[in-house]
Amino acid sequence: MAAIDVAGYVADLKDHSVDHGFHVHDERHFVETYSLRQVWEVDLHPEEGCGGPLDLHLALDVEPRVLLSFEDAVLGLGEDEDPPDEFHFPLTFTWALPPLPNGPDLLRLHIDLAAWRGSSSRSRCRRSTRSPRPPMVPSGRLNIVARHPVSLARVLSGEELLCDVFDRSLAVSRYLLEYADAWLA
C-alpha cells in the first residue's frame, strides 16, 4: 500500500483551491509508461475571472523515484517517528495572458509580484511571441511561472494544505486581472 494517496491529495488541492476563491475548470492526469512519472494538471482561475483573459494552470509533478524513496523511508520508521522532510514534489503555477499590445514592463511586473512570492516559491515572468515581430513592438503572450515544493512528509501528516500559497496565487491572479484590460487595449 502506498504511503500517500497522490490522487486523493490532488482532489484535496482542488477542493482547497475552491475554498480560497478559485474556480476549477478541468483536470488531467498523465502517466509516462516507461518511467511511470506522473503529472497532475488542473486548470483554474479566480471566481471573478470567469470568461476573462487570464488562464491559470496548476501542475503537480510526481517523480516515481522520489515517491518510492519516501515510501522506503516511511517503512523504516518506528511507530512514533516522523519521516524526514527531504522528499518533495514540485508544484507549478503558470499564469498566462493572450498577446498584449500594451504589455507590462517585465522587470516592473516581477518587482510588483515579489510581494506575493513566498520565501519557498520561485517565480519568473516572460513574454513570448509565436510570430516574428519588429523588436520595438512590445507584444506577446505573458507567462508567469511560480514553483513551490510540496513536502511529502507534510502530505502524509495532513499538514500540507498550502493555504498561504493559494492566497498568494489568488493575489497574483487578481493583480493580473486588474491590469489585463489596460494591457490588452
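In which helix is the place of Ala 153? I shall begin with that residue and then widen the view to the rest of this predicted model.

Ala 153 lies in helix α4, which covers residues 152-157. With a relative accessible area of 10%, Ala 153 falls under the 20% limit and therefore counts as buried. Which residues does Ala 153 touch, once its neighbours within four places in sequence are left aside? The contacts are Phe 70, Pro 83, Pro 84 and Asp 85. Of these partners, let me take up Phe 70. The C-alpha atoms of Ala 153 and Phe 70 are 8.2 Å apart in space, while the two residues are separated by 83 residues in sequence.

Phe 70 leads us to helix α2, where Phe 70 is one of the buried residues. Helix α2 consists of 12 residues, from 64 to 75. From its first C-alpha to its last, α2 reaches 16 Å, close to the 16 Å expected at 1.5 Å a residue. Besides Phe 70, the buried positions of α2 are Pro 64, Leu 67, Glu 71 and Ala 73. The cover over these buried residues includes α1 (6-19), β3, β4 and also α4, the helix that holds Ala 153.

I turn now to the strands. Strand β3, residues 55-62, runs antiparallel to strand β4, residues 88-99, and 6 bridges join them. Within this pairing, Ala 59 has Thr 92 of β4 as its bridge partner. How many bridges does β4 form with strand β6? There are 11, and this pairing, too, is antiparallel; β6 comprises residues 141-151. Here Pro 90 stands opposite Pro 149 of β6.

Next, the aromatic residues. Across the whole structure, a search finds 6 aromatic pairs. One of them is formed by Phe 93 and Phe 166, with ring centres 6.0 Å apart and planes at 80°. That angle is over 60 degrees, so the pair counts as edge-to-face. Phe 93 sits in strand β4 and Phe 166 in helix α5, residues 163-184, so that the pair links parts of the chain 73 residues apart. Are these two residues buried or exposed? Phe 93 is buried, at a relative accessible area of 2%, and Phe 166 is likewise buried, at 0%. Ring pairs further link Phe 93 and Phe 166 with Phe 22 and Trp 95 in a cluster.

One backbone feature deserves attention. Most residues other than glycine have a negative phi. Leu 36, although not a glycine, has a positive phi of about 65°. Where is Leu 36 found? Leu 36 belongs to the loop between β1 (22-31) and β2 (38-46). Its relative accessibility of 51% is over the 50% limit, and Leu 36 therefore counts as exposed.

Finally, the chain as a whole. The chain contains 5 helices and 6 strands, arranged along the sequence in the pattern α-β-β-β-α-β-α-β-β-α-α. Of its 185 residues, 40% count as buried. Among contacts between residues at least 6 apart in sequence, 66% join residues at least 24 apart. The accessible surface comes to about 10400 Å², and carbon and sulfur atoms account for 53% of that area.

To close, I return to two points. Ala 153 of α4 is in contact with Phe 70, and α4 is among the elements that cover the buried residues of α2. Strand β4, for its part, pairs with β3 and with β6, and contributes Phe 93 to the aromatic pair with Phe 166.

Notes
Residues are numbered from 1 along each chain as its sequence is written. This is a predicted model: local features need pLDDT of at least 70, side-chain atom pairs count only at pLDDT 80 or more; totals for chains, interfaces and linings use all residues. Side-chain values use heavy atoms; hydrogens and water are left out. Two strands pair if DSSP finds at least two bridges between them. Helices (H or I, at least four residues) and strands (E, at least two) are DSSP runs, numbered from the N terminus. Rings of Phe, Tyr and Trp (its six-membered ring) pair if their centres lie within 6.5 Å; planes under 30 degrees apart count as stacked, over 60 as edge-to-face and the rest as tilted. Buried means under 20% relative accessible area, exposed over 50%, partly exposed in between (1.4 Å probe, protein chains only). Contact means heavy atoms within 4.5 Å. The expected span of a helix is 1.5 Å times one less than its number of residues. Accessible areas come from the Shrake-Rupley method with a 1.4 Å probe; for residues, only the protein chains shown count as cover.
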